[in-house]
Amino acid sequence: MREVWITDACAITAAGDSLEATWQKVISGTTAIGEIDRFPTQAYRSTVAATIRGLEAVGPGSLVSTILDRLLGQLNGAPTDALVIAATTKAGIDNLEKMRRGLAFDPGDILPSSIGEKVAAKLGLRGGVMTIGAACASSTIAVAQGAAMISSGSVESVLICCADAMTEFLFSGFSALQALSGVACKPFDKDRSGLSPGEGGAFLLLMSSTRARQKGHMPLCIVKGFGIADDAFHVTAPDPKGLGLLRAASNAIALAGIEKGDIAGISAHGTGTIQNDLMELTAFHTLFDGDCPPLYSVKGCIGHTFGAAGGIEVALGTKTLLEQTIPPTVGFVNPERGAEGLVGSKPVSMAGDYLLTTNSGFGGINAAIILKRPGSY
């Protein structure tokens, strides 16, 4: 099994137009969630979300296309033989809204496959395109898939591209599910009442260590392990015992060849919904036999970015490891039972080389990635 390096990472969120800007906002402990001005909200259960300032569709294209164009301007290039793995929940679903309103729209943007195809075409990449749609674990699974293909020798490099936009279609759906918080979400807080939608995207360039060295690239992080599992409990609700997440994380740790005690921190899914946060706390306490490392969620700052969440959180995870800092969980004030001493409202130092990052989604999907801080090369 070959070593898999993340050699480049960029992100755009409501908190900032770059990975560094987003990280600084997350570390500051302030939120990018605010009042929506993109569409009327009086018919819905909430009026807040994390939207990217100034984000507008160009011509008949979708908001996702604009996000991708901004990300393309930040990427430091990719090998021409790189495989593109795209991840999203609804791609350019805002074009369906345009169609229903009699506005100009691009039907090609609606298809999830359009994301990877556009990125490959604009970068001149010839390694093929793959698209993963696995609810809110989509881009986490994309990272796992890319790492598996590189480590097995199937490919030398993979460009992960993930993006989702905050549309009225998505907002109304979560409102109908009664999953929206009326205020900025409060992950792992006893007074939480739901999630806050967000939008954004990320690019992650994965390379075999051999190819990276040949190209003169250094690792931001190393993907050491990954795991995917489905709890098959409910269409939208997680298994209260967290058995799917427990299996995914356990498999990731086993594949990484490390001990549970080597994990220095956890980047949790942490949506702020009643059921998800309890499920995660249960799973992590079970996994670590009651000796759980510090954990955090970035969604109180950047909102829930749906299919892009995992990719953005892996990108931020590289900063967590390199800076040796556990970010604060924005909105966290009154600890839920089991969160005491694990989740914090201020950044804290970490001491260790391994980060566990996890995401869960509708249909019982759970995915986990083990990231390692690079040593000397």
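In the predicted model, Gly257 adopts a positive phi of about 70° immediately after helix α9. The helix itself covers residues 243–256 and lies across four strands, namely β8, β9 (263–267), β13 (354–361) and β14 (365–372). Relative to β8, α9 runs at about 145°. The end C-alpha atoms of α9 are 20 Å apart, which agrees with the 20 Å that its 14 residues should span at 1.5 Å a residue.

Eight positions of α9 are listed by name as buried: Gly244, Leu245, Leu246, Ala248, Ala249, Ala252, Ile253 and Ala256. The buried residues of this helix pack against strands β8, β9, β13 and β14, and also against helix α10 (274–287).

The strands crossed by α9 belong to an open sheet of 10 strands with mixed pairing, ordered β5-β4-β6-β7-β1-β8-β14-β13-β9-β10. At its edges are β5 (129–132) and β10 (295–296), each of which pairs on one side only. Within the sheet, β1 (residues 4–13) and β8 (residues 221–230) run antiparallel and are joined by three bridges. Val4 has Val223 of β8 as its bridge partner.

The largest pocket has a volume of about 450 Å³. Its lining consists of 25 residues, and those nearest the centre are Thr236, Pro238, Thr273, Asn276 and Phe362. Two or more lining residues come from each of α10, β13 and β14. Of the elements, α10 gives the most to this lining, with three residues. Helix α10 and strands β13 and β14 are also among the elements against which the buried residues of α9 pack.

Methods. Residues numbered from 1 in each chain as written. Predicted model: local features only at pLDDT ≥ 70, side-chain atom pairs only at ≥ 80, totals over all residues. Heavy atoms only, no water. Pairing = 2+ DSSP bridges. Contact = heavy atoms within 4.5 Å. Axes fitted to C-alpha atoms, helices over the stretch in contact; angles between N-to-C directions. Expected span 1.5 Å × (residues − 1). Buried < 20%, exposed > 50% of the residue type's maximum accessible area, 1.4 Å probe, protein only. 1 Å grid on protein atoms, 1.4 Å probe; cavity = no way out; pocket = protein on both sides within 12 Å on 5 of 7 lines; lining within 4 Å. Points joined across faces, edges and corners; volume = space filled by probe spheres on them.
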